[in-house]
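Student: Hey, I've got a protein model open and don't quite know where to begin. Could we look at it together?
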Amino acid sequence: MEEMEEELKCPVCGSFYREPIILPCSHNLCQACARNILVQTPESESPQSRRASGSAVSDYDYLDLDKMSLYSEADSGYGSYGGFASAPTTPCQKSPNGVRVFPPAAPPPPAALAPPPPPRNACLTCPQCHRSLVLDERGLRGFPRNRLLEGVIDRYQQGRAAALRCQLCEKAPKEAAVMCEQCDVFYCDPCRLRCHPPRGPLAKHRLVPPAQGRVSRRLSPRKISTCTDHELENHSMYCVQCKSPVCYQCLEEGKHSSHEVKALGAMWKLHKSQLSQALNGLSDRAKEAKEFLVQLRNMVQQIQENSVEFEACLVAQCDALIDALNRRKAQLLSRVNKEHEHKLKVVRDQISHCTVKLRQTTGLMEYCLEVIKENDPSGFLQISDALIRRVHLTEDQWGKGTLTPRMTTDFDLNLDNAPLLQSIHQLDFVQMKVPAPPILQLEECCTHNNSATLSWKQPPLSTVQVEGYILELDDGNGGQFREVYVGKETMCTVDGLHFNSTYSARVKAFNKTGVSPYSKTLVLQTSEVAWFSFDPASAHADIIFSNDNLTVTCNSYDDRVVLGKTGFSKGLHYWELSIDRYDNHPDPAFGVARVDVLKDAMLGKDDKAWAMYVDNNRSWFMHNNSHTNRTEGGITKGATVGVLLDLTRRTLTFSINEDQQGPVAFENLEGLFFPAVSLNRNVQVTLHTGLPVPEFYASRSAMP
């Protein structure tokens, strides 16, 4: 339980809490320490005096606004500003545990036996989160007493069997000599004579030895927390909005009258359950941290063993060489030792960091478990929210890569003793290891239409040099893999794949030593239908594009050819072209073509295109300037021409306004085909892609 001790010490005095109070920010302070760090706001500069004098807006106006917000934020008790204009300008000091605090207030006159009341206009800055708190007329009495924390401290001190200390010593508490059962305070002899003289009403108090006082304190019933607004009333309900216990008078006449409240016992059990559940997760993290520390300690031993083995090999190789190698041997050993020390330093630093964090985590866990053992519902609920947040925050901190070694145990060095004697002065370590398999990054790998983009990287802890990568894909049908990329880049886009196909991809790395094993295989699915537009790069210069390259026309009276961006070599594909403008009876042509088709002649004039050209009455199929199958049915403005390319059956079919034009237009098509159109300035068409197969063809395909 030693790790828990930090949770039980005041951030100001560095000693165990004495009469701790709970600040609105959920941190704790000794009541005496809180009184010492109070900062007084001058009466002449208070908001009330400035309103009475009618003075103009000054540097202290924001204090008034913040005080108004303090008393209206559901009893929050603190504002969001960082300090006051009237705060002292002397530097902050540090408490024994390193937390910065404001300088204590001036000590009271020696004759005063009781601490003075807080100044009328006083503020308090939390030494842990540095939030500024404005005290109301109740002063420090407005902050609830953390009796739960007192109980935990008592049990902790009893478990340690530590000597009881005086509770009134200001600096280093001396060992207690007596305890007053009525005052419930431990005194050393000087403090007893000064603060508890045996005269007057104090003469009737019973003073007992500290050990007996500790037993009587433990056996005495725990004081029940009372309401800070109504000191004679016990807490009976829990305000959900303010997240604090309240009494029945708060509900009837206080600021909680319109708030949602629940039974104190039910909320006590609920918050205990929530804290227990949060501790379960943190306990798992602590267990992982312990296992991780074992792993790191094993790494130290393994690094030492590897270092010894490597040094022995290096010495053996160097001793086998002539005297010229001895001068180089010292240099190489120096490098190995530096690498050895570097690895040990990194791992030991990580062990130290993880040990500190684990000790803090264990301390928090033990403190929370002790808090759960308490039977004071109101006291528990006063701190449960803060503890639950701290447990979740501590658990999150363990999950941010802290349980991953920062160093490998291997020495990725090897001595090459093959060079000739005259090259001894160039002797150096060289890598003799094959690279580790690359890792395909699934979140960055994707497909678009018939192209696939793949990304990969080397394992995080790999230090072996890589000279390049080899990317392989299969044929989309479960066939053999083929190389599609060789180079140093770690991202590659492969175009021209088959639509509606499933491809498998893998990658391997290589260097001068050899080739790594393959990465895990990644399966990619290309698009079922093609989405594409016209291609300005391959079109004739007279073609005019618009509508994101989906609409084309021409500025010449001669026929000009434009191709689609996507080529097809497999599957069933259908697209349509709507006639936006049709003047003076031109003869546009629609179909497919090779990438090197003539661009300044009607489509179908050469052997690189298969097309249907139409006028307003008839249509013809044309390939290599040969006309076939003249059919009735032309086009007008608003007509729709459909092109269906079935590379499974190797056929090409046309339709106008969903009516098939004649039989199959062309058969025995093989290779790579691009959608194509030829037109002149009297025609404008718009391309529509990603369409389903028309009904006339789907029904025919279903026939036996």
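Tutor: Let us begin with one pair of residues, keeping in mind that this is a predicted model: the side chains of N28 and N146 are joined by a polar contact of 2.8 Å.

Student: Where is N28 found?
Tutor: N28 belongs to strand β2, and, leaving aside neighbours within four places in sequence, N28 is in contact with P11, Y17, I21, I22, Q128, N146 and L149.

Student: And is N28 buried or exposed?
Tutor: N28 counts as buried, because its relative accessibility is 10% and the cut-off for buried is under 20%.

Student: Okay, switching topic: how many residues does the largest nonpolar core have?
Tutor: The largest nonpolar core has 72 residues, and those with the most contacts inside it are L8, L23, L124, L275 and Y367. Several elements each supply at least two residues of this core, among them β1 (20–22), β2 (28–30) and α9 (323–373), while the largest share, 18 residues, comes from α8.

Student: What does L124 touch?
Tutor: Not counting residues up to four places away in sequence, L124 touches a list of residues that includes L23, L29, A34, L133 and F143.

Student: Last thing, what about the phi of N449?
Tutor: Phi of N449 is near 55°, which is a positive value in a residue other than glycine, and N449 lies in the loop between β17 (446–448) and β18 (451–457). N657, in the loop between β33 (651–656) and β34 (659–660), also has a positive phi of about 55° although it is not a glycine.

Student: Are those two buried or partly exposed?
Tutor: N449 counts as buried at 6% relative accessibility, whereas N657 is partly exposed, with a relative accessible area of 43%.

Note on methods: Residues are numbered from 1 along each chain as its sequence is written. This is a predicted model: local features need pLDDT of at least 70, side-chain atom pairs count only at pLDDT 80 or more; totals for chains, interfaces and linings use all residues. Side-chain values use heavy atoms; hydrogens and water are left out. A nonpolar core is a set of buried Ala, Val, Leu, Ile, Met, Phe, Trp, Tyr and Cys residues joined through side-chain atoms within 4.5 Å. Buried means under 20% relative accessible area, exposed over 50%, partly exposed in between (1.4 Å probe, protein chains only). Helices (H or I, at least four residues) and strands (E, at least two) are DSSP runs, numbered from the N terminus. Contact means heavy atoms within 4.5 Å. A polar contact is a pair of N or O atoms within 3.5 Å; within protein, one must be able to donate a hydrogen and the other to accept it, and residues adjacent in sequence count only if both atoms are side-chain atoms.
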